[in-house]
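Reader: I should like a close look at one part of this model, with its surroundings described as far as they help to place it. Please choose a single element and set it out in connected prose.

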Amino acid sequence: MKYLIRTKWWKWLTMAILVYVVIGGFLFQVPRLPILNETIRVLHFHVPMWFGMLFLFLASVIHAIKYLSTGKVQNDIMSSQLAVVGVVFGILGMITGMFWATFTWGEPWSSDPKQNASAIGLLIYFAYFILRGSIQDEQQRAKISAVYNVFAFAALIPLLFILPRMTDSLHPGNGGNPGFNAYDLDSNLRKVFYTAVLGWTLLGFWIATIKIRYKLLLEKMDD
Amino acid sequence: MSGIINFSNVMFKQLQWLIIKDLRIDWRTKYPIAGILLYITSLIITSYLAFTGFINPETWNALFWLILLFVSINAVAKSFAQEEDRSSYYFYLIKPSRIIIAKLIYYGIYQLLLIAIALIVFSVFLGFPVKTSGPFFLNLILGSLGLSSAFTMVSSISSKTNNNSVMMAILGFPVIIPILLLAISNSKILVLGGSIADITANLITLLSVNVIIIALSFILFPFTWKS
C-alpha cells in the first residue's frame, strides 16, 4: 500500500485500461444469446466490482493484521479506508447485478443464494463501521476493529465461496446454467473481462490511496 | 519432561479455576440463569400461541433454530460483559489464551444445557417431528457449539463498546449466518427423514467453520483482552 501511495505510473495504467474497458465493453462483438442479448456486457462492469471488493477487503485485513502486530496508526487508517472503498464496490456490484437481473431473471431480487450471501457480507462490513463509531478511545477503536475485521473476513469466505455452491444458483456457471466457457468461444469477452478486473481493482486502490492520504494529513494536523 | 508435565498441570489448574469461578458467579447471582430460563419459556409459549394449528415440520425446524439463536445470543452476551469490574485481579496472573479457552468451554457447556432445556420445552408445546433423531442431535450439538463460540468472541469485542447489548446483535448476527445456514439446512434434511449420508459433507463443512472460529478466537482474543 505504501508503494501505491508513493508511485504514480499505475494510475496512468489504470486510466488506459479503463478507457479500453469502457470502449471495448460497449462496442466489441459479443456472442448473441437468447434472454441475455446485449446484457452480457454487464460482465465487464458487474463481476469486476466483486473482484475489486474482495481484493480491497483482503488488503484491509492484511493491514488490520499489520496493525495488530506493529501498532502503527497508519496501518489502522489504511485498513479502515480500504474497507470503506470495498463496501462502495460491493454496493455498486449489487446495484449493477440487480439492474441486470431485472432484465434477465425478471426481478431485481430473486433470493438467489449469491445475492443473499453478498447482502449479508455487506452487513458484516456495515457492522464494522458501526463498531468503529461506537468506541471513543482511538487506540482501543483501532485494536478492537482490527480484531473484528479479521473475524469478519473469516466469516465472509465461507459465506461467499462455500455456501452458495451448496444450493442451485441462478448465476451463470451455477446450478446447470451455462457459464463463462460456454458463451465465450472466441475469447473476445475474456480479453476485456480480465483487463476490466485489473482496471476496476486498481481504480479502487486509487480511490483508497486518496482517502488514506487525506486521513493521514488530518492525523498529522491533530498532532 | 517434568517441566512439560508441570506446565500442563498449571494450565489445567488455571482452566479449572476459571471455569469454577464462572460457575460460582452464576450460582451466586442466580438471576441471569433464572432470567434466561424464563426467556426460553416465554419465547416458546409465544411461538406456540402464534403457530399452533398450522405448524409443519419445516416451520418447526426454522422456528426451533430461531429460538436457539435468540437464546444463545442472550445467554452468551453476558460472558464478557460481567468481566468488566472483576477482571483486574487476575488480569496479570493468567494468560489471555487460557481465559478464552475457559470461557469457550464454560459457555459451550452452558449453551448445551440451555438447548437441552429449550428442546424439551419446545417439544412439549410444539411436538417433536424429527424422523432421524441421532444425526439431528449431532448436528444440533455442532451447530450450537459454533453459535456459542462465535458469540463468546463477539461478546469479548462488544464488551469494549459503549452500547454492549445492541452491538452484540449487530456484530453477531451477520457473522453467525454461515453456521446458522449450514445447521438449519442439515437439520431440515434430517427432520424430513434424510439419513446421515445426506448431510455428511455439510456436517464436515460445519465442523471446519467451527474449528476456524475457535482458532481465530484463540489467536485474536489476547488483543481485545489486553486493550
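Author: The account below takes up one helix of chain B, then the interface to which that helix contributes, and lastly the partner chain. The model is predicted. The helix in question is α7 of chain B, which covers residues 133-158. At 1.5 Å a residue, its 26 residues should span 38 Å, and the C-alpha atoms at its ends lie 36 Å apart, in agreement with that expectation. Of the 26 residues of α7(B), 20 are buried, so the helix is largely enclosed by the rest of the structure.

The helix also takes part in the meeting of the two chains. Contacts between them involve 23 residues of chain B and 24 residues of chain A. On the chain B side, α7, α8 (164-191) and α9 (196-226) each supply at least two residues. By class, this side of chain B consists of 15 nonpolar, seven polar and one charged residues.

The partner may be described in turn. Chain A contains eight helices and zero strands, giving the pattern α-α-α-α-α-α-α-α along the sequence. Its radius of gyration is 19 Å, close to the 17 Å that the globule rule gives for 223 residues, so chain A is as compact as a globular protein of that length. The C-alpha trace of chain A spans about 60 × 40 × 25 Å along its principal axes. Buried residues account for 41% of the 223 residues in chain A. Among the contacts in chain A between residues at least 6 apart in sequence, 75% join residues at least 24 apart.

Conventions: Residues are numbered from 1 along each chain as its sequence is written. Chains are lettered from A and ligands numbered from 1 in the order in which they are written. This is a predicted model: local features need pLDDT of at least 70, side-chain atom pairs count only at pLDDT 80 or more; totals for chains, interfaces and linings use all residues. Two residues are in contact if their C-beta atoms, placed from the backbone, lie within 7 Å. Helices (H or I, at least four residues) and strands (E, at least two) are DSSP runs, numbered from the N terminus. Ala, Val, Leu, Ile, Met, Phe, Trp, Tyr, Cys and Pro count as nonpolar, Asp, Glu, Lys and Arg as charged, and the others, Gly among them, as polar. The radius of gyration is taken over C-alpha atoms; the globule rule is 2.2 Å times the number of residues to the power 0.38. A residue is buried if 20 or more other C-beta atoms lie within 10 Å of its own, exposed if 12 or fewer, and partly exposed in between; C-beta atoms are placed from the backbone. The expected span of a helix is 1.5 Å times one less than its number of residues.
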